[in-house]
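Trainee: Could we take a close look at a single part of this protein? I'd like you to walk me through it slowly.

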Amino acid sequence: MTHAFPNRSFTRRVKRGGFTLAAACALLFVCAPPSHARRQSALPHLRKQGTATQLVVDGKPFLVRGGELGNSSASSLEYMRPVWPKLAAMKLNTVVIPVYWELIEPAEGKFDFQLVDGLLREARLHGLKLVPLWFATWKNSMSTYVPAWVKNDQKRFPRSQGKEGRGIEILSTFSRENMEADARAFAAFMRHLREVDGRERTVIMVQVENEIGMIPDSRDRSAAAEKLFNGPVPAELMSYLTQHKETLTTELRAAWASSGWKPRGTWEEVFGRGPATDEIFMAWHFARYANRVTEAGKAELDLPMFVNAALIRPGYQPGQYPSAGPLPHLIDVWRAAAPRIDFIAPDIYFPNFIEWARRYKRPGNPLFIPEVQLGPLNSVQALYVFGQLDAIGFSPFSIESATGPAADLLTASYDLVEQLTPLIVEHQGKGEMVGFLPETNEPQRVPQRFRLGGYALNVTYERPGSAQPAQANPGAAPPAQTGDAPTGGLAVTVGPDEFVVAGTGLVIVFEADSPGDPLVGILSAQEGKYVNGRWTPGRWLNGDQTHQGRHIRLPAGRFDIQRVKLYRYR
Ligand code: DGJ
């Protein structure tokens with residue numbers, strides 16, 4: 001089937017019958033006393049399945065069909081009023097949403113959760129889960145979201161310093177006062193969630209801080225920082241490095257190898273001199289701070305928590321980009337310093353989407369993309385990360401501003417993800433799925449080859465609107481993807497010789513990749529949809545739709561699901 005336009009039926013349902021009951025329930029739960037709330041269902045949590053890590057919500061693995069709001073939208077319930085139904089109609093199930101320390105604790109120790117409660121209420125009314133972003137000590141490196149009583153008391157809440165002794169608007173990571181003030185506020189926020197969200201579990205994960213990183217210098221030059229920089233590398237870090245020596249990232253190994261694997265010493269003695277060492281030093285201290293904030297929050301409500309990173313522009317050195325954040329080359333330092341943080345996550349605004357996504361899917365680190373550049377490609381990026389990288393979620397940035405093709409395509413793609421969720425979560429982490437996405441936006445005709453379920457899948461990407469001429473050569477590729485035209489998808493092996501394929505603009509030629517007869521034919525290809533997890537067949541495809549048995553094709557310009565059975569012959 002084809003989904004070219006946002007489905008508005010959910011919004012209509014909410015507006016009609018659902019409203020009164022849901023509104024009453026939401027109010028009841030926001031007002032429910034803590035003892036009542038604590039009796040409720042299991043908390044959202046992470047669990048392993050094979051090589052994947054799944055997010056479990058309300059007892060079931062959950063795929064976040066998300067979108068992150070622009071920074072200021074969630075500061076006004078009025079501004080958000082038309083946004084909620086729009087997001088629900090776009091088939092999101094989760095909104096990634098800032099909460100602001102300065103609005104939550106406008107005076108020290110005086111907390112105001114009216115805004116938070118209003119956001120929870122609206123999310124519930126629209127059937128949406130929330131992933132709050134704790135905009136606190138750091139937001140894109142800077143400290144703009146700290147309350148005025150923090151900003152105005154530099155003596156008690158010191159800032160980082162540049163080389164020439166001038167302050168930078170980045171609260172110092174070397175100040176216990178800074179850290180404990182943030183931790184107290186975060187604990188109060190999480191305590192409040194425990195009290196008001198105990199039954200509904202509207203909040204499913206929390207991001208601690210936002211894009212932590214040091215810029216425009218590679219390290220803080222304050223006296224407190226310099227003292228620690230010239231002191232020994234902490235024993236905890238040295239012991240982590242020793243225990244994980246064989247699996248450290250290439251970059252960290254190289255730094256440590258440069259000193260001949262010194263077991264102790266100052267940062268420069270152990271890792272060498274230069275901005276890379278400054279970055280390791282800062283990463284350790286940022287991560288310790290974030291870990292303390294996370295720990296304080298988890299003590300109140302133990303939800304999965306993560307940190308996100310601004311990525312590195314090619315050729316930039318530490319200090320030129322927000323350095324020392326939760327970047328893949330620093331994952332060992334972050335893990336050693338911040339065991340309470342469940343995973344690190346990328347904000348992908350560069351064109352090499354696949355490369356960055358792959359770098360964050362590593363043993364012990366599930367892929368969750370809290371931010372990605374909004375655009376038509378999101379539709380296929382989402383299918384790729386769920387199919388190929390066992391992602392637990394995907395979330396374009398500034399989702400409320402999505403219009404035109406970006407919005408329509410994402411809606412169609414999220415509709416597919418919603419239908420396929422039971423199948424995807426069943427097969428995660430078992431080597432039974434693949435995701436398809438062109439490596440670049442350049443026209444490319446070389447088929448990508450995937451091995452799945454005893455077959456090789458040769459995949460080519462077609463251009464929307466391209467005619468489907470009969471091809472003399474079954475393996476020949478149709479015209480490739482150019483510009484913003486989205487093509488991509490996923491495939492799942494669901495039984496012997498049987499696959500579910502989903503996506504747009506794909507041609508798949510199957511080849512034998514296991515013992516048996518060498519040639520492969522299509523026994524059947526059927527399009528259809530999953531309704532409540534059950535396959536509901538549509539057209540039976542043959543003839544031109546499979547190029548007379550030569551390939552499976554998901555045409556560009558629409559999002560389809562097909563179930564395919566193969567057979568072998570000589
Ligand atoms: C990444 C940040 O995390 C967001 O809060 C926002 O500032 C975007 N960049 C803007 O592109």
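Is Asp-390 buried or exposed, going by its relative accessibility?

Mentor: Sure, and keep in mind that we're looking at a predicted model. Asp-390 counts as buried, because its relative accessibility is 10% and the cut-off for buried is under 20%. So what does a charged side chain do there? Side chains of opposite charge can pair when their charged atoms come close. Here, Asp-390 forms a salt bridge with Lys-361, at 3.7 Å from N to O. Lys-361 is partly exposed, with a relative accessible area of 24%. Now find the two on the chain: Asp-390 sits in the loop between α16 (378-388) and β14 (393-394), while Lys-361 sits in the loop between α15 (353-360) and β12 (368-369). They are 29 residues apart in sequence, so the pair ties those parts together.

For a companion case, try Lys-298 and Asp-342, whose closest N and O atoms are 2.6 Å apart in another salt bridge. That pair also links distant parts of the chain, with Lys-298 in helix α13 (residues 275-300) and Asp-342 in the loop between α14 (331-337) and β11 (343-348), 44 residues apart. This time the Lys is the buried partner, at 9% relative accessible area, and Asp-342 is partly exposed at 28%. Both pairs belong to a set of 33 salt bridges in the structure.

Finally, look at Phe-353, one of the residues with the most contacts inside the largest nonpolar core, which has 153 residues. Its contacts include Ile-369, Val-385 and Phe-394.

Methods:
Residues are numbered from 1 along each chain as its sequence is written. This is a predicted model: local features need pLDDT of at least 70, side-chain atom pairs count only at pLDDT 80 or more; totals for chains, interfaces and linings use all residues. Side-chain values use heavy atoms; hydrogens and water are left out. A nonpolar core is a set of buried Ala, Val, Leu, Ile, Met, Phe, Trp, Tyr and Cys residues joined through side-chain atoms within 4.5 Å. Buried means under 20% relative accessible area, exposed over 50%, partly exposed in between (1.4 Å probe, protein chains only). Contact means heavy atoms within 4.5 Å. A salt bridge is a side-chain nitrogen of Lys or Arg within 4 Å of a carboxyl oxygen of Asp or Glu. Helices (H or I, at least four residues) and strands (E, at least two) are DSSP runs, numbered from the N terminus. Lists of a residue's contacts leave out its neighbours within four places in sequence.
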